[in-house]
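Biologist: Could you take a close look at one part of this protein for me, the pair of helices at the start of the chain? I'd like the local picture first, and then how the rest of the fold sits around that.

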Amino acid sequence: MDYYRRFLQCLQENEAEQALRYLQNELRKHPKEAEAYFQFGKFHSRHGARVQALGAFQEACRIDPGQDVYRICLGVAHQELQQPEQAIRCYSGRAQDPKVRFNLATALLLAGRYQEGWREYEQRLSIP
């Protein structure tokens with residue numbers, strides 16, 4: 001994961017374009033590395049490129065469907081793109097964490113599923 005160390009170093013030095021190049025090179029060399037797609041999605045999400053983030057998270061989930069963090073970030077990306085039903089599907093079964101339950105609540109409310117949404121929204125009280 002040498003690329004990851006260099007990627008993080010570039011981010012710390014505010015060299016976003018160089019960091020992105022490291023990720024792109026890694027994905028060209030290893031197109032089946034879910035973690036690289038996940039980092040690519042996080043990078044794009046932080047920089048407001050929501051559609052690119054969504055695609056990267058989808059690919060990470062396709063390669064490694066067992067990683068809850070990938071699925072949760074995919075849900076957040078869907079939610080940011082005003083796609084609440086897709087977000088709800090991503091969060092379902094993963095809502096043990098209060099923060100994920102809060103995300104689920106807001107997606108339910110956004111989808112107009114108010115009874116479920118308000119019930120989940122009450123979980124905000126358990127977030128430290």
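Modeller: Here is a walk from the first helix pair, through one residue inside that contact, and out to the aromatic rings and the loops.

One thing up front: this is a predicted model, and local features are taken where pLDDT is at least 70, with side-chain atom pairs counted only at pLDDT 80 or more.

For orientation, the protein has eight helices and zero strands, so to speak a plain α-α-α-α-α-α-α-α when read along the sequence. The C-alpha trace spans about 45 × 30 × 25 Å along its principal axes. Of the 128 residues, 38% count as buried. If you look at contacts with a separation of 6 or more, residues 24 or more positions apart account for 36% of them.

Now the part you asked about. Two packed helices are described by the angle between their axes and the distance between the axes. For helix α1 (residues 2-12) and α2, the angle is about 165° and the axes are 8 Å apart. Anything over 145 degrees counts as roughly antiparallel, and α1 and α2 are therefore roughly antiparallel to each other. Their crossing is left-handed. On the α1 side, the residues taking part are Tyr3, Arg6, Phe7, Cys10 and Leu11, and they meet Gln18, Ala19, Tyr22, Leu23 and Glu26 in α2. Sorted by class, that contact has seven nonpolar, one polar and two charged residues.

The loop between α1 and α2 is where you find Asn14. Have a look at its backbone: Asn14 has a positive phi of about 60°, although it is not a glycine. With 72% relative accessibility, Asn14 counts as exposed.

Back in the helix contact, Leu23 is a good residue to zoom in on. Leu23 sits in helix α2, which covers residues 16-29. Its relative accessibility is 0%, and the cut-off for buried is under 20%, so Leu23 counts as buried. Who surrounds it? Setting aside residues up to four places away in sequence, Leu23 touches Tyr3, Phe7, Ala36, Gln39, Phe40 and Phe43. Two of those names, Tyr3 and Phe7, also turn up in the α1 list for the helix contact. There is also a C-alpha distance worth noting here: Leu23 and Tyr4 are 19 residues apart along the chain, and their C-alpha atoms are separated by 7.8 Å.

From there, on to the rings. A pair of aromatic rings is described by the distance of the centres and the angle of the planes. Searching the whole structure turns up four aromatic pairs. One of them joins Phe102 and Tyr121: the ring centres are 5.7 Å apart and the planes are at 35°, so this pair is tilted. Phe102 belongs to helix α7 (residues 98-110) and Tyr121 to helix α8 (residues 114-121), so the pair ties together parts that are 19 residues apart in sequence. Phe102 is partly exposed, at a relative accessible area of 28%, and Tyr121 is partly exposed too, at 23%.

Tyr121 has another ring partner in Trp118. Here the centres are 5.4 Å apart and the planes are at 90°, so the pair of Trp118 and Tyr121 is edge-to-face. Trp118 and Tyr121 are three residues apart in helix α8, and about one helical turn separates them. Trp118 counts as partly exposed, with 48% relative accessibility. Elsewhere, Phe38, Phe57 and Tyr70 form one aromatic cluster.

While you have helix α8 on screen, check Glu120, which is also placed there. Glu120 is buried, with a relative accessible area of 12%. Leaving out its neighbours within four places in sequence, Glu120 is in contact with Arg101, Leu104, Ala105 and Leu108.

Finally, a second backbone oddity to put beside Asn14. Gln82 has a positive phi of about 60° and is not a glycine either. Its place is the loop between α5 (68-80) and α6 (84-91). At 54% relative accessibility, Gln82 counts as exposed.

Methods:
Residues are numbered from 1 along each chain as its sequence is written. Side-chain values use heavy atoms; hydrogens and water are left out. Helices (H or I, at least four residues) and strands (E, at least two) are DSSP runs, numbered from the N terminus. Buried means under 20% relative accessible area, exposed over 50%, partly exposed in between (1.4 Å probe, protein chains only). Contact means heavy atoms within 4.5 Å. Rings of Phe, Tyr and Trp (its six-membered ring) pair if their centres lie within 6.5 Å; planes under 30 degrees apart count as stacked, over 60 as edge-to-face and the rest as tilted. Axes are lines fitted to C-alpha atoms, for helices over the stretch in contact, and angles run from 0 to 180 degrees between N-to-C directions. Angles under 35 degrees count as roughly parallel, over 145 as roughly antiparallel, 65 to 115 as roughly perpendicular and the rest as oblique. A crossing is left-handed if the near helix is turned anticlockwise from the far one by less than a right angle, and right-handed if clockwise. Ala, Val, Leu, Ile, Met, Phe, Trp, Tyr, Cys and Pro count as nonpolar, Asp, Glu, Lys and Arg as charged, and the others, Gly among them, as polar.
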